[in-house]
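Trainee: Please choose one part of this structure and take me through it closely, keeping the surroundings in view where they help.

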Amino acid sequence: MKIIKELSIIMGVLYLSNVIKEVSNMPIPATVLGMVIMLILLSCNIVKPKNIETVANFLLDNLTFLFVPGGVGLITSFGLIKGQVTKILIVAIITTAITVAVTGFTVNLLNKRKKR
Amino acid sequence: MKEYLNTPIFGFALSVIAFQIGLYINKKTKNALFNPLIIAIGLIMALLIVFDIDYEVFNEGGNIITFFLGPTTVVLALPLYRQLNKIKGKAHNILIGIAVGSIASFLSVIFLSKLLGIDEIIILSLLPKSSTTAISKEISSQIGGISSLTIAATSFTGISGYIMGPSILKLLKIDDKIAVGIAMGTGSHASGTAKAMEIGEIEGGMASLAIGVAGLMVVLIAPMVVKLFFK
C-alpha cells in the first residue's frame with residue numbers, strides 16, 4: 001500500500017499544479033510548478049522525504065528512458081531540420097562549453113573572494 | 001501486418017526493448033558517445049521508416065511512457081530539497097553562478113545560431129537545452145519550439161558536457177569543488193551530474209542541486225529572452 005499512498009501525494013500535487021496553471025495562466029509549465037509545490041511541501045515538513053521516496057527513486061532512476069517516445073517524435077520534424085543538423089550540433093557543443101566555463105568561473109571567483 | 005500494430009503494447013514494448021539495447025551497447029563500449037537514449041531513438045526511428053509505420057501508431061504506446069514525465073518532474077523536488085539543506089551560507093554565490101551561467105547559455109545559443117543562419121523555430125527549440133530534459137521540453141513547447149528536437153538537443157548537450165566539462169574546468173584552473181559541481185549541473189544537467197559524481201561527492205551533490213535550480217532559472221528567464229530577441 002506504500003506505493004499507492006506515495007502516488008496519491010505525487011499525483012495529487014501534479015493535478016493541483018495543473019489546475020493552478022489552467023486557472024492562473026502562469027507562463028510556467030505545470031510540471032515545473034508541481035516541482036515547486038512539492039519543494040515547498042518538503043521544506044515546510046508537510047511532506048517528508050520518506051512519504052514519496054520509493055516512487056520518487058523509481059521514477060528518477062529511470063528518468064532517461066521516459067524521453068524515448070518524445071525523442072522519436074523528431075521523425076515528424078525531419079523536413080524542418082534538414083540541412084541544419086551539422087549547425088545544430090556545432091551550436092550545442094560550443095554553447096555547452098561556454099555555459100560550463102562561465103558558470104564554473106563565476107562560482108569559483110565568488111567562493112575564492114569570500115575566503116580572503 | 002498493420003493490424004498487429006494497432007495496440008499501445010507495440011510502442012511501449014518497442015521503447016523498452018530499444019532502450020535496453022541502448023543500455024547494453026553503452027555498457028559494452030563504455031563510451032559516452034554511445035548514449036542509450038540516442039541509440040534507442042535512432043533504432044526506433046529506423047524501424048518506423050523501414051516498415052513505413054506512422055509515428056502516431058508508435059506513440060499510442062509511447063504516450064503512456066511520456067505521461068510519467070509529469071510525476072517524475074514533480075519528484076525532482078526531492079534531490080533538490082536534500083541538496084538545499086547542505087548549502088546554507090553558500091547559497092548566494094551558487095545562485096548567482098547558476099543565473100549567470102543560464103544567461104550565458106541563452107545568449108550564446110541565440111548569437112551563434114543567428115550567426116550560422118539557423119531557422120528561428122530551431123533556435124527556440126535549442127534555447128532551453130541546458131536544463132534537464134523534463135523541463136527543457138516543456139519550456140520548448142511553451143515558447144514555440146519543437147519539443148522532440150529539444151529532447152534530442154538536450155541529450156546531446158548532456159553528452160557534450162560529460163565529455164568536455166572536466167577538461168574545460170581544468171583548463172580554466174577552476175578547482176573549487178562547489179564551482180566544478182555547479183558548472184557541470186548547470187551546463188549539462190543529468191549527464192554532467194553523472195560525471196561530477198565520478199569526480200567527487202561534493203561535486204556530484206552540487207551538480208544535482210544545479211539541475212533543479214538551473215531548471216527553475218531557465219523557466220523564469222526563457223520567456224523574457226524570447227520576448228527580447230524574437231517578438
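Mentor: A residue is called exposed if 12 or fewer other C-beta atoms lie within 10 Å of its own, with the C-beta atoms placed from the backbone. The model is a predicted one, and the part I would choose is helix α11 of chain B together with the loop that leads to it. That loop, between α10 (147-171) and α11 of chain B, holds B:K173, which has 9 other C-beta atoms within 10 Å and is therefore exposed. The phi angle of B:K173 is near 55 degrees, a positive value in a residue that is not glycine.

Past the loop, helix α11 (residues 177-199) of chain B packs with helix α7 (residues 91-116) of chain B at an angle of about 35 degrees, their axes being 10 Å apart, and the crossing of α7(B) with α11(B) is right-handed. On the α7(B) side the contact is made by B:I94, B:G97, B:I98, B:G101 and B:S102, and on the α11(B) side by B:I178, B:I182, B:T186 and B:G187. Sorted by class, this contact has 4 nonpolar and 5 polar residues, with no charged ones.

For the wider setting, the contact between the chains takes 90 residues from chain B and 65 residues from chain A, and the chain B side of it divides into 57 nonpolar, 28 polar and 5 charged residues. In chain A, A:N45 also has a positive phi, near 65 degrees, and is located in the loop between α2 (30-43) and α3 (49-61); because 7 other C-beta atoms lie within 10 Å of A:N45, that residue is exposed.

Notes: Residues numbered from 1 in each chain as written. Chains lettered and ligands numbered in written order. Predicted model: local features only at pLDDT ≥ 70, side-chain atom pairs only at ≥ 80, totals over all residues. Axes fitted to C-alpha atoms, helices over the stretch in contact; angles between N-to-C directions. Helix = DSSP H or I, 4+ residues; strand = E, 2+ residues; numbered from the N terminus. Left-handed = near helix turned anticlockwise from the far one by under 90°. Contact = placed C-beta atoms within 7 Å. Nonpolar A, V, L, I, M, F, W, Y, C, P; charged D, E, K, R; others polar. Buried ≥ 20, exposed ≤ 12 C-beta atoms within 10 Å, placed from the backbone.
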